[in-house]
Amino acid sequence: LQLVQSGGGLVQPGGSLTLSCTPSGFTEDDDYSAIGWFRQAPGKERERVSCINISDGRTDYADSVKGRFTISRDNAKNTVNLQMNNLKPEDTAIYYCGADYSPGCYGMDYWGKGTLVTVSS
């Protein structure tokens with residue numbers, strides 16, 4: 001069971017990036033209920049960014065990213081994307097996706113390896 005992340009990189013303030021998370025190895029009998037995005041900036045604790053529940057599509061966002069980030073699921077590609085717009089230098093961090101067997105992303109069971117997002121001019 002693994003989560004494969006893609007996307008990330010260097011972007012100027014005000015720019016956009018899309019991160020993708022592709023779960024693999026999960027089965028109908030061993031399936032996740034939610035996918036979440038978290039981030040960790042240097043010297044700071046890991047912060048919850050956004051979560052999407054698979055069954056009902058319910059989403060939530062940290063106050064710091066509301067109105068700028070959008071989490072979505074692409075069923076055809078079996079991916080969960082995090083569209084990040086109007087990026088700010090304070091969004092610079094390593095971003096991790098995680099899978100939770102329960103809804104809500106309160107206790108992640110699997111993690112991706114992380115991808116670096118740098119917002120700088």
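The largest pocket of this predicted model encloses about 190 Å³ of space; a pocket is an open set of points on a 1 Å grid where a 1.4 Å probe fits, with protein on both sides within 12 Å along at least five of seven lines. Its lining comprises 14 residues, a lining residue having an atom within 4 Å of a point. Arg39, Ala41, Lys44, Glu47 and Glu90 lie nearest the pocket centre. By class, 8 lining residues are charged, 3 polar and 3 nonpolar. The model is predicted, with local features requiring pLDDT of at least 70 and side-chain atom pairs pLDDT 80 or more, whereas totals for chains, interfaces and linings use all residues. Numbering starts from 1 along each chain as its sequence is written, and side-chain values use heavy atoms, without hydrogens and water.

The largest nonpolar core (buried nonpolar residues joined through side-chain atoms within 4.5 Å) contains 26 residues, and Trp37, Phe69, Leu82, Met84 and Tyr95 have the most contacts inside it. Strand β9 provides the largest share of this core, 4 residues. A second, separate core of 5 residues includes Ala34, Phe38, Cys105 and Met108.

Phe38, Tyr96 and Trp111 form one aromatic cluster. Aromatic rings pair if their centres lie within 6.5 Å, and planes over 60 degrees apart count as edge-to-face. The ring centres of Phe38 and Trp111 are 5.0 Å apart with planes at 75°, so this pair is edge-to-face. Phe38 is buried (under 20% relative accessible area, 1.4 Å probe, protein chains only) at 9%, whereas Trp111 is partly exposed (20% to 50%) at 36%.

Notes. Helix = DSSP H or I, 4+ residues; strand = E, 2+ residues; numbered from the N terminus. Points joined across faces, edges and corners; volume = space filled by probe spheres on them. Nonpolar A, V, L, I, M, F, W, Y, C, P; charged D, E, K, R; others polar. Phe/Tyr/Trp six-rings, centres within 6.5 Å; stacked < 30°, edge-to-face > 60°.
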